[in-house]
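Me: I would like to go through this structure and ask how its labels are justified. Please show it first.

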Amino acid sequence: MSSSGSLNPESDSFEGRPVFYIGQHDSTRTEALVDDQYTQVLNSGFRFVTAPITNQHFFNRVVDLHRAYLKEREQWTEQRGLTAAQPPNASLPGPVVPTLTDKDTELYPSNYIGSLAVYFSPWIDLCSSDPLISSISRQVLNLEAAYANFCGARTIVVPGPRNDDSSRGIAQYARAIREAMHVANRANIIIHMPMYREPGLDEKAETLSSIFNPGNGLKAKEKEIDLFSAWDSWNTIRSVCSYSMRLFVALRVPRRVPEKTLQERWFAEPLHYLTIGQDIFELNRAGHPSLSRNHQDLINRYMRLRSIPWLILCDVGPRPEELATRPDEMAAEFPSLAEASQALRESRRPHMPAMNAHVGYMRYLERQQPPFSAMETPALTSFQDWLQPPLQPLADNLESATYEVFEGDPVKYDRYETAITEAMVEWKELKKPTSTATPENPSNPELVVTVAGAGRGPLVTRALRAAESTGTPIQIWALEKNQDAYVYLLRKNKVEWGNKVTLVKTDMRGWEGPRLKGREDVIGKVDILVTELLGSFGDNELSPECLDGIQNHLARPHGMSIPHSYTAHLSPIATPRLFADISSRVVGDPNAFETPWVVRLFAIDYVAQKVPDHPRFQQAWEFAHPVEVARADDFAAEHGKAAKHVTGGVGSMAGASGTNEHNARHCHLTFVCPTRGVIHGLSGFFESVLYASQTGAGKEPVEISILPDQIDRKSKDMVSWFPIFFPLKKPLYFPQDTELEVSMWRQTDDTRVWYEWLVEVYAWVGPDTRIKVGTSDLHSSRKVACLM
Ligand SMILES: C[S@@+](CC[C@H](N)C(=O)[O-])C[C@H]1O[C@@H](n2cnc3c(N)ncnc32)[C@H](O)[C@@H]1O
């Protein structure tokens with residue numbers, strides 16, 4: 001258990017953890033609690049309770065209505081002398097459930113209704129194949145939805161389908177929920193779903209179907225457990241409801257915790273509640289309730305979500321008969337000494353119920369959770385699954401505050417400093433000539449270092465530090481095209497760098513090159529060129545194009561670029577939240593589904609599995625610098641720079657001259673998905689080798705990476721880049737044993753760069769037979785392309 005100090009936010013040893021918000025549900029409750037009872041439940045440690053919208057009276061009324069209808073129909077059939085085989089007139093109207101009366105409900109508008117989780121009647125059966133029962137169920141659903149919405153309920157829980165066997169039933173159910181969402185137009189609708197159909201944990205409460213068609217439920221055959229069938233039903237329901245942002249899941253925690261793949265599938269879904277039944281708890285040796293290690297891990301994982309799901313403990317007390325007895329006001333005012341000291345020990349008022357044992361255990365688990373890590377600060381957490389439009393680094397100038405955010409991540413700068421240090425050490429070791437060498441001073445040891453795109457100068461500081469620590473004399477230039485950042489650099493040069501740095505306000509592609517110290521008439525070459533123009537997908541902020549424009553100043557053959565190379569990587573993902581978010585933006589932003597978004601992906605499911613030759617994260621392409629023969633350089637040498645737009649027809653894009661053609665890329669990747677699921681787009685990442693040793697001593701390269709399976713090894717805790725997300729306009733469903741074929745292109749017409757992407761689904765239907773079962777549109781970010 002943590003010390004009290006670690007829970008005190010004021011203390012130095014404070015460690016934050018997710019907070020458990022625990023509610024109480026009683027499956028036998030047929031009426032909303034009255035105020036006193038509600039208070040008693042809160043006093044036993046719960047923070048909220050559930051309340052049925054209607055009561056037993058309403059249930060009886062609906063059952064009587066249906067009975068009367070069946071009787072009337074029977075009479076009607078008899079009067080006409082029809083046999084059982086002759087169906088009644090199809091247009092005979094079915095029963096219409098009359099409006100609610102005050103006898104049908106104990107729920108009224110109140111100042112605490114917003115904190116109740118109100119429950120639809122569990123006895124309706126929206127999936128019923130009996131059209132009368134499904135119709136009555138739907139009417140009840142709508143009556144209750146309208147009334148709960150009227151009362152001001154914010155969350156309404158609806159029992160999920162009882163099984164996933166009938167696609168007709170699920171379709172009926174989904175359609176009814178969509179209708180109810182229109183009726184309850186402000187409330188959130190929460191579908192109560194099991195994680196999977198665990199034998200023995202199916203709902204037993206009676207329904208209209210079990211009352212009127214009792215035989216139907218008996219036929220259910222023993223089947224193999226299909227782990228994904230409940231998720232499949234949920235996927236149908238939310239698809240029919242167009243991924244409404246008001247539709248959530250209450251996930252029933254199973255007795256046996258399933259495999260990780262299924263846990264992760266639900267992790268990506270909008271979990272509003274986790275419901276934990278009394279039978280999930282075990283008793284420990286002291287007879288207190290406890291949960292297995294697997295259950296604890298599951299809860300700990302889900303509690304890391306940005307919107308932390310609330311917990312509902314079901315049937316763990318206080319029992320209805322306990323709530324029936326009102327606390328004795330007199331006795332509460334004048335407790336006996338023994339009662340008072342017992343109450344003090346349990347931190348409660350005398351005659352108030354003791355802390356519920358299950359709540360007490362959950363509070364203990366709350367304290368046992370791993371504390372928030374350095375990557376879970378409130379600032380970083382607030383970025384989870386938050387879409388940011390990508391930067392236009394050439395067209396736009398960054399603000400000082402944005403640079404300050406970059407500078408807040410020491411990991412990136414440490415890795416750069418290590419790379420520059422190694423480059424300087426090896427330069428000496430390999431006795432490479434420097435660009436400051438002149439006929440008069442052929443062994444001048446001064447290296448020419450240029451930081452291009454210096455921003456507010458952190459990489460300049462690191463280059464100066466590397467030079468000092470390695471005892472390397474340098475001449476250093478810093479280039480920046482942002483005139484405001486340039487002013488900052490001028491000041492920093494005076495205040496911090498002792499005017500050692502030559503600052504040039506220029507686009508690096510138009511720089512004339514370094515005029516050497518003491519020989520200003522001579523334009524020299526650069527030995528070490530340092531840049532950080534990388535985007536989340538490596539090349540998406542046009543680092544290749546910018547470096548092409550300056551690499552002619554690099555000394556050959558020894559000059560080097562830091563970074564030396566970078567690679568882009570992809571993996572298909574399910575991310576229902578981002579899909580819903582982007583869908584909601586389309587009206588104001590018609591290109592929302594054609595935009596690669598920068599986003600700190602979190603509530604997502606990587607659907608592909610790692611198998612031999614097909615890893616979960618696959619490399620799309622690579623850029624390495626300097627480019628050996630740049631087509632642009634050749635072209636400019638032949639025609640002059642200004643000529644590039646008038647010689648159309650050479651490049652792959654119509655009308656392009658082809659000078660940037662060497663920076664176009666294409667990849668085709670195959671991802672393997674053994675279980676069925678859905679994808680909403682492609683997650684993108686990059687890695688970069690900043691410096692690769694040239695001494696042949698087998699040293700590890702200096703790298704940075706944002707790949708989920710590499711970041712901890714290559715650049716732990718680096719937060720400078722979030723992943724990129726290439727969305728799909730329509731979710732793409734895939735069956736089990738599927739291969740997702742991903743095609744991606746980096747396109748250019750010499751003035752712009754954009755991406756195009758396509759996903760195709762192939763299912764294996766025999767040992768050697770694969771058939772195509774789905775395809776996405778060809779998406780293109782051309783309309784939001786990066787301008788060169
Ligand atoms: C991602 S920021 C990095 C800034 C700084 N080096 C750092 O690490 O904090 C990229 C910088 O490069 C500059 N930049 C981008 N393209 C450039 C170009 N073609 N010429 C000069 N500066 C450029 C931007 O204005 C921006 O300041």
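Reply: This is a predicted model. A place to start is strand 11 (residues 447-452), which runs parallel to strand 12 and is joined to strand 12 by 6 bridges.

Me: What makes strand 11 and strand 12 a pair?

Reply: Two strands pair if there are at least two bridges between them. Strand 11 and strand 12 have 6 bridges, so they count as paired under that cut-off. As one example of bridge partners, Ala-452 is matched with Leu-479 in strand 12.

Me: Which strands form the open sheet, and in what order?

Reply: The sheet has 5 strands in the order 13-12-11-14-15, with parallel pairing.

Me: Why are strand 13 and strand 15 said to stand at the edges?

Reply: Strand 13 (501-505) and strand 15 (560-562) each have a single partner strand, so each has one side without a neighbour in the sheet. On average, neighbouring strands here are turned by 20° against each other, direction ignored.

Me: Which strands does helix 16 touch as it packs on the sheet?

Reply: Helix 16 (residues 410-429) touches strand 11, strand 14 (528-531) and strand 15. The direction of helix 16 makes about 160° with that of strand 15. Helix 18 (residues 483-495) also packs on the sheet, touching strand 12 and strand 13, and its direction makes about 165° with that of strand 13.

Me: Which residues come nearest to the ligand?

Reply: Of the 23 residues around the ligand, Gly-453, Gly-455, Lys-481, Asn-482 and Met-508 come nearest. Helix 15 gives the most to this shell, with 3 residues. The shell divides into 14 nonpolar, 3 polar and 6 charged residues.

Key:
Residues numbered from 1 in each chain as written. Predicted model: local features only at pLDDT ≥ 70, side-chain atom pairs only at ≥ 80, totals over all residues. Near = placed C-beta within 6 Å. Helix = DSSP H or I, 4+ residues; strand = E, 2+ residues; numbered from the N terminus. Nonpolar A, V, L, I, M, F, W, Y, C, P; charged D, E, K, R; others polar. Axes fitted to C-alpha atoms, helices over the stretch in contact; angles between N-to-C directions. Contact = placed C-beta atoms within 7 Å.
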